[in-house]
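Take a walk through this model, from its overall fold to its empty spaces and then to single residues. Keep the structure in view as you read.

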Amino acid sequence: MADTHAPTPRFRPAAGTRGLGPGSAQAPARFPVRRIDALCLTVGLVLVGSGLAHLLVFAVEGGPWTGPVSWRKPVTFGLSFGVTLVATAWVTSYLRVGPRLRAALLGVFAADCVVEVGGITLQAWRGVPSHLDMETPFDTAVSLTLAVGGGVLVALLGVFAVASFRHRPTGPAGVPLAVRSGFAVLLVGLASGAVMIARGVVLTRTGHQEAAYHSTAPLKPLHAVSLHAVLVLPAMALLLSRTSWSERTRWRAVALATGCYGAAVVGAGVWAALTW
């Protein structure tokens, strides 16, 4: 996850923005104002709102917070997918990706997030598990749709991750390192999610339905910790760009934060291995 490039003395804006000439003052990055970005921001806020609304439902209706059937799932998935969608739209503005390709990928990503949260929320209101439920043809269709949607998410975010390493991302000192590190850690979170789904499906198909629901527990901390690095690290780098610290100091601070985040991910991975 380390960025071998030394900090650059000038800001290099994302595609579609006006650049700063040599010697110009460094300007803070802003959320790009494009249709696809506005769409992702709107959809992301709606998903976050859905998660918060179901937190109120839980407060009124009560019931278990944990387990395969609980209000926790529409709450956490709504918040997580909403934040991840907004973060991805923002962070990818620093990637050297064609605007049409980026818009197409983000459009599919936004639609997939809606499908994932929608399916999970629907099953919560029906009082049945959203994942690994093969009891009825409808439940099977929902579970398989969510599994396929998860695969689409992995593919889309994988494309963005590869793009971040093929060409150095733009942005103030520390931002390229944060973007690359965030995507690298995000891939760990996506991989852990794929493993959870795969193992659960195998157990379900072999008649171990209850075991399938509990099989995902060891990997959940790793999945949760690594999923939002793509927001935390770039956001920190951008906040540091507004300080009076030198570029080298800011780059070192981002590198230190990346190392700490990586240590947390490794710790969660070790715990998953020991409790698997």
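**Helices, hollows and surface**

Two helices, α4 and α5, each give at least two residues to the lining of the largest cavity. Of these, α4 provides the largest share, with four residues. The full lining consists of H131, L132, M134, S143, L144, L146, A147, I197 and V201. The space inside is about 50 Å³. How many cavities of 30 Å³ or more does the structure hold? The count is one.

Step back to the whole chain. This is a predicted model. The protein has nine helices and zero strands. Along the sequence the pattern reads α-α-α-α-α-α-α-α-α. The protein has 276 residues, and 47% of them count as buried. Now consider contacts between residues at least 6 apart in sequence: 73% of these join residues at least 24 apart. The exposed area is about 13200 Å², with 70% of it supplied by carbon and sulfur atoms.

Next comes the open space. The largest pocket has a volume of about 1000 Å³. Which elements give two or more residues to its lining? They are α2 (72–91), α3, α4 (137–166), α5 (175–205), α6 (209–214) and α7 (220–227). In total, 39 residues line the largest pocket. Nearest its centre lie F77, H131, M196, K220 and H223. H131 appears here, and H131 also lines the largest cavity. The helices α4 and α5 likewise contribute to the pocket and to the cavity.

Turn to α3, which spans residues 99–126. Q123 lies in this helix. Is Q123 buried or exposed? Q123 counts as buried because its relative accessibility is 0%, and the cut-off for buried is under 20%. Which residues does Q123 touch, leaving aside neighbours within four places in sequence? Its contacts are V128, P129, S130, F138, D139 and V142. Among them, F138, D139 and V142 fall within the range of α4, residues 137–166.

Finish on the outside. L52, L55 and W65 make a nonpolar surface patch of about 260 Å². One of these, L55, sits in helix α1, which covers residues 35–61. L55 has a relative accessible area of 39%, so it is partly exposed. That value also clears the patch cut-off of over 30%. Q123, by contrast, is at 0%.

Conventions: Residues numbered from 1 in each chain as written. Predicted model: local features only at pLDDT ≥ 70, side-chain atom pairs only at ≥ 80, totals over all residues. Heavy atoms only, no water. Patch = residues over 30% accessible without salt bridge, like charges linked within 9 Å, V, L, I, M, F, W, Y side chains within 5 Å. Areas by Shrake-Rupley, 256 points an atom, 1.4 Å probe, with all protein chains shown as cover. Salt bridge = Lys/Arg side-chain N within 4 Å of Asp/Glu carboxyl O. Buried < 20%, exposed > 50% of the residue type's maximum accessible area, 1.4 Å probe, protein only. Contact = heavy atoms within 4.5 Å. 1 Å grid on protein atoms, 1.4 Å probe; cavity = no way out; pocket = protein on both sides within 12 Å on 5 of 7 lines; lining within 4 Å. Points joined across faces, edges and corners; volume = space filled by probe spheres on them.
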